[in-house]
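Trainee: Could you take me through one part of this model slowly? I would like to see how a single spot in the backbone relates to the rest of its chain.

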Amino acid sequence: MTTASGTYTPRPGAAPLPRMIAAQAALETKMLLRNGEQLLLTVVIPTLLLVLFSSVDVVDTGKGEAVDFLTPGILALAVMSTAFTGQAIATGFERRYGVLKRLAASPLPRWGLMTAKTVSVLVTEVLQVILLAVIAFALGWSPHGNPAAVLLLLVLGTAAFSGLGLLMAGTLKAEATLAAANLVFLLLLVGGGVIVPLEKFGGAGQHVLGLLPISALSNGLRDVLQHGAGMPWGDLGILAVWAVLGLAAAGRFFRWE
Amino acid sequence: MRSEPVVQVRALVKRYGPKTAVDGLDLVAGAGVTAVLGPNGAGKTTTVETCEGYRRPDSGTVRVLGLDPVRDSAALRPRIGVMLQSGGVYSGARADEMLRHVARLHAHPLDVAALIERLGLGSCGRTSYRRLSGGQQQRLALALAVVGRPELVFLDEPTAGLDPQARRATWDLVRDLRADGVSVILTTHHMDEAEQLADDVAIIDGGRVVAQGTPEELCKGGAENTLRFTGRPGLDVGSLLKALPADCTAAELTPGSYRVVGKVDPQLLATVTSWCAQHGVMPDRISVERHTLEDVFLELTGKELRS
């Protein structure tokens with residue numbers, strides 16, 4: 001089969017940056033939503049945990065409605081599942097399969113790729129928050145507090161978890177990232193104040209665990225949404241430190257192939 | 001076509017730990033198709049990946065379209081097309097989806113549907129990348145390299161593992177690219193690929209260019225050509241030798257199978273056939289063997305090309 005002459009005549013040029021980033025973010029989101037294991041992590045597990053522990057009295061969630069205690073923790077878990085676990089696993093395999101290498105030769109700059117990944121994570125989180133909020137309301141959730149504080153916590157949490165996820169994806173083998181990201185997800189689910197109150201771990205344990213990004217995020221969200229507290233500066237501070245450390249380390253140690 | 005070089009590599013050195021992959025390599029490629037030919041491990045991929053900006057030279061300079069691939073990466077990337085040896089696609093993406101995506105990253109991409117049809121990727125349908133056959137993945141990689149309408153395309157082993165039909169389709173595309181003014185740098189360890197496609201061939205061995213020129217130039221130099229014929233056993237080779245020019249040799253290799261080595265030209269062929277006529281010999285299966293790139297490579301490096 002032949003093609004009319006002139007078909008391939010060079011006419012190089014990069015698409016405008018916003019269009020490249022939008023296209024990349026759309027593709028990344030599509031890949032994520034198509035991936036069954038990722039959906040299990042980001043949608044099915046948080047939803048199940050929220051419904052199960054709100055309706056069955058398995059863990060002692062302290063005074064008040066269980067759903068009011070659980071929803072902030074589950075929102076924190078949702079952020080972690082997307083920004084950390086999901087992003088680490090997806091990026092790890094993209095690195096392994098040469099996708100990052102291929103894109104590095106395209107007109108899309110590296111920072112553009114990272115921006116697109118962040119947009120994709122944020123879009124997924126918005127979908128998660130909407131879904132979980134609808135379910136929580138159906139279970140009788142009555143949130144309080146300042147929406148701006150909630151937003152700030154979610155954004156800083158996303159930054160902290162993204163940094164740690166990308167650090168893992170850019171330094172470990174894809175299989176190691178897969179295993180480690182799932183293990184960390186499980187450990188932080190149990191020990192990060194998501195469904196089990198940190199008080200259960202005793203005085204010293206509570207203080208150490210309280211410094212984890214997942215604890216800071218779930219406690220901060222709980223303070224605001226359950227107790228109507230103002231800006232949870234302590235937890236925001238912890239998240240900011242994790243974000244700076246994680247993103248700086250990822251920027252420094254990330255290997256593209 | 002432009003005459004200034006599209007790729008200029010000077011004294012390139014690249015080491016991985018204690019191993020020197022590229023060892024003072026010089027290469028100048030002009031417009032058209034340049035084949036980088038060499039056995040596995042010769043330094044082909046490292047050289048090409050340095051030109052693509054993936055690797056930083058340990059020493060030496062690399063210029064592609066006049067630009068430094070690392071420093072001027074942002075300016076260079078839209079102008080070149082890159083075909084990786086393997087991978088490069090989201091495992092869950094469909095062929096058309098990935099191709100459309102990369103097209104969207106360019107200002108004036110090729111018509112994606114036409115390219116899909118041209119490379120026979122239409123049959124991939126809704127299959128995800130990880131379930132495509134090796135040949136389909138290979139053709140998709142080629143499509144991804146050209147969809148942005150680059151000035152210069154790097155193809156790393158573009159036909160490795162392809163069946164003959166897919167191989168010819170790839171060759172046809174390379175010829176069309178060339179005809180439309182796209183420059184192509186391709187690595188290969190198939191000498192027929194280099195002979196078929198290349199305006200210029202650089203033979204690499206041990207991290208250096210050991211010879212460069214058009215396929216004709218490379219084949220002309222060096223060893224002589226060979227003429228073979230079969231006849232009845234026990235012909236008087238001494239008498240044949242006397243009829244031939246002084247620098248020729250002749251021998252009966254196996255009974256009835258004769259070989260003449262020398263500068264094989266029409267005159268020599270006529271001399272051999274008239275000697276046969278004089279001696280009442282019907283030279284069955286007379287053949288002239290052209291000196292191939294494979295022979296050139298063997299002489300230059302002492303290695304088989306496909307080792």
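Mentor: Find B:Arg149 in the loop of chain B that runs between α5 (134-146) and β6 (152-156). Keep in mind that this is a predicted model. What makes the residue worth a look is its backbone: B:Arg149 is not a glycine, yet its phi is positive, about 55°. For background, most residues other than glycine have a negative phi. Now, is B:Arg149 buried or exposed? Count its neighbours: 23 other C-beta atoms lie within 10 Å, and the cut-off for buried is 20 or more, so B:Arg149 is buried.

You can set a second residue beside it. B:Ala11 also belongs to chain B, but its place is in strand β1 (residues 7-16). Its phi is near 50°, again a positive value in a residue other than glycine. The surroundings are another matter: B:Ala11 has 13 other C-beta atoms within 10 Å, and because that count falls between the limits of 12 and 20, the residue is partly exposed.

A glycine gives you one more positive phi to find. B:Gly280 sits just after α10(B) and has a phi of about 65°. The helix before it, α10 (residues 266-278) of chain B, lets you try a little arithmetic. It has 13 residues, and the expected span is 1.5 Å times one less than that number, so it should span 18 Å. The C-alpha atoms at its two ends are 18 Å apart, which agrees.

Now step back to the whole chain. How many helices and strands does chain B have? There are 11 helices and 13 strands, and the C-alpha atoms fill a box of roughly 75 × 45 × 40 Å along the principal axes. Chain B has 307 residues, of which 44% count as buried; B:Arg149 is one of the buried residues. Among contacts in chain B with a separation of 6 or more, 69% join residues 24 or more positions apart.

Finally, look at where chain B meets its partner. Here 34 residues of chain B are in contact with 32 residues of chain A. On the chain A side, the elements that give two or more residues are α1 (17-34), α3 (66-96) and α4 (99-104). Of these, α1(A) supplies the largest share, 6 residues. Sorted by class, that side of chain A has 17 nonpolar, 9 polar and 6 charged residues.

Notes:
Residues numbered from 1 in each chain as written. Chains lettered and ligands numbered in written order. Predicted model: local features only at pLDDT ≥ 70, side-chain atom pairs only at ≥ 80, totals over all residues. Helix = DSSP H or I, 4+ residues; strand = E, 2+ residues; numbered from the N terminus. Contact = placed C-beta atoms within 7 Å. Nonpolar A, V, L, I, M, F, W, Y, C, P; charged D, E, K, R; others polar.
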